[in-house]
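I opened a fresh page for this chain and went through it one lookup at a time. Here are my notes, in the order I made them.

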Amino acid sequence: MIAFVDAAVVLALLGVAAPSPPGALAPAVWLAFTTPLLIRSDVTRRRLPNLATMPALGLVLGSSAVAVFVDTGVKDPALALLVTTLIAAGGLLSARLGGVGLGDVKLAAAAAGSAALVGTDAAWALMVVAGASGGAVVLAVRLRLRRVKRRKSRCVDPAREVGEIPYGPCLLFGYWVALAVVNVV
């Protein structure tokens, strides 16, 4: 049953990615095929495997580099390289400070760079939707902990009890919504 659901999800995501410029398709197709794995892995184990995130990052960098020299339909490949680099650098700093995991950094850089290959509108939409959905998840977890605290009548610090929150699904949700908005609408 899981394989059937994964196949349906991948086909739907490929339909969303199809109208992208040819130079943006390689990372989008990779992300479509790995989205179910990444979501399951991050939700259940709080890990985004390198086997899925590193090739996505490599495909974004490679597609951007090729688009600099060859017309692949990408409007601003230099922007995609810049976005990927800035997100990776900022993410590495945040990971070093304990804010996010390295899997989230690699996925964020790959998704942002891939969205930037589609266009600046897609990159902005990704940031807004991923940020808002991540904030909504944190808020929901904190509200749930507050209810648990009231019921158990013990002192629970919500900031300490929240723990690790899977941000990979929020990044992927933002990415696919961004592509849908830019490509389909």
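**Entry 1: the salt bridge**

I started with Asp6 and found it buried, at a relative accessible area of 17%. I note here that I am working with a predicted model. I read 17% as buried because the cut-off for that label is under 20%. Next I asked which residue Asp6 forms a salt bridge with. The partner is Arg40, and the closest N and O atoms are 2.9 Å apart. A salt bridge needs that nitrogen within 4 Å of a carboxyl oxygen, so 2.9 Å qualifies. I then looked up where the two ends sit: Asp6 belongs to helix α1 (residues 2–17) and Arg40 to helix α2 (residues 25–45). They are 34 residues apart, and the pair links distant parts of the chain. Arg40 is partly exposed, with 36% relative accessible area. I also looked up how many salt bridges the structure holds. The count is one.

**Entry 2: a patch on the surface**

I looked for nonpolar side chains on the surface and noted a patch formed by Met1, Phe4, Val5 and Val9. Together these residues have about 440 Å² of accessible area. Met1 is placed in the segment before α1. Is Met1 buried or exposed? Met1 counts as exposed, with a relative accessibility of 78%, because that label applies over 50%.

**Entry 3: one aromatic pair**

I searched the whole structure for aromatic pairs and got one. The rings belong to Tyr175 and Trp176, with centres 4.8 Å apart and planes at 75°. That makes the pair edge-to-face, because the angle is over 60 degrees. Both Tyr175 and Trp176 are buried.

**Entry 4: the core**

From the ring pair I went on to the largest nonpolar core, which has 38 residues. Which members touch the most other members? They are Leu31, Leu107, Leu126, Tyr175, Trp176 and Leu179. So my two ring residues turn up again in that list. The elements that give two or more residues to this core are α1, α2, α3 (50–69), α4 (77–96), α5 (102–118), α6 (120–152) and α8 (168–184). I checked which element gives the most, and α5 does, with 10 residues.

I picked Leu179 for a contact list, leaving aside neighbours within four places in sequence. Leu179 is in contact with Val16, Ala17, Ser20, Ala28, Ala115, Val118 and Val184.

**Entry 5: Gly168**

Gly168 lies in helix α8. Its relative accessible area is 0%, so I wrote it down as buried. Where is Asp42 relative to Gly168? The two are 126 residues apart in sequence, yet 6.3 Å apart in space, C-alpha to C-alpha. Not counting residues up to four places away in sequence, Gly168 touches Asp42, Leu48, Asp104 and Leu107. Leu107 was also among the core residues in my previous entry.

**Entry 6: two residues of α3**

I looked up Ala67 and Val68 together. Ala67 is found in helix α3, and Val68 lies in helix α3 as well. Ala67 counts as buried, at 9% relative accessibility, whereas Val68 is partly exposed, at 43% relative accessible area.

For contacts I again left out residues up to four places away in sequence. Ala67 touches Thr72, Val74 and Pro77. Val68 is in contact with Pro77, Ala78 and Leu81. Pro77 appears on both lists.

I also took two C-alpha distances. Ala67 and Ala178 are 111 residues apart in sequence and 21 Å apart in space. Val68 and Val43 are 25 residues apart along the chain and separated by 37 Å.

**Entry 7: Leu93 and Arg46**

Leu93 is found in helix α4 and is exposed, with a relative accessible area of 54%. Its C-alpha atom is separated by 9.6 Å from that of Val105, 12 residues apart along the chain.

My last stop was the backbone of Arg46. Its phi is near 60°, a positive value in a residue other than glycine. Arg46 is placed in the loop between α2 and α3. With 32% relative accessible area, Arg46 goes down as partly exposed.

Methods
Residues are numbered from 1 along each chain as its sequence is written. This is a predicted model: local features need pLDDT of at least 70, side-chain atom pairs count only at pLDDT 80 or more; totals for chains, interfaces and linings use all residues. Side-chain values use heavy atoms; hydrogens and water are left out. Helices (H or I, at least four residues) and strands (E, at least two) are DSSP runs, numbered from the N terminus. Buried means under 20% relative accessible area, exposed over 50%, partly exposed in between (1.4 Å probe, protein chains only). Patches are made of residues with over 30% relative accessible area and no salt bridge: like charges are joined within 9 Å, nonpolar side chains (Val, Leu, Ile, Met, Phe, Trp, Tyr) within 5 Å. Accessible areas come from the Shrake-Rupley method with a 1.4 Å probe; for residues, only the protein chains shown count as cover. Rings of Phe, Tyr and Trp (its six-membered ring) pair if their centres lie within 6.5 Å; planes under 30 degrees apart count as stacked, over 60 as edge-to-face and the rest as tilted. A nonpolar core is a set of buried Ala, Val, Leu, Ile, Met, Phe, Trp, Tyr and Cys residues joined through side-chain atoms within 4.5 Å. Contact means heavy atoms within 4.5 Å.
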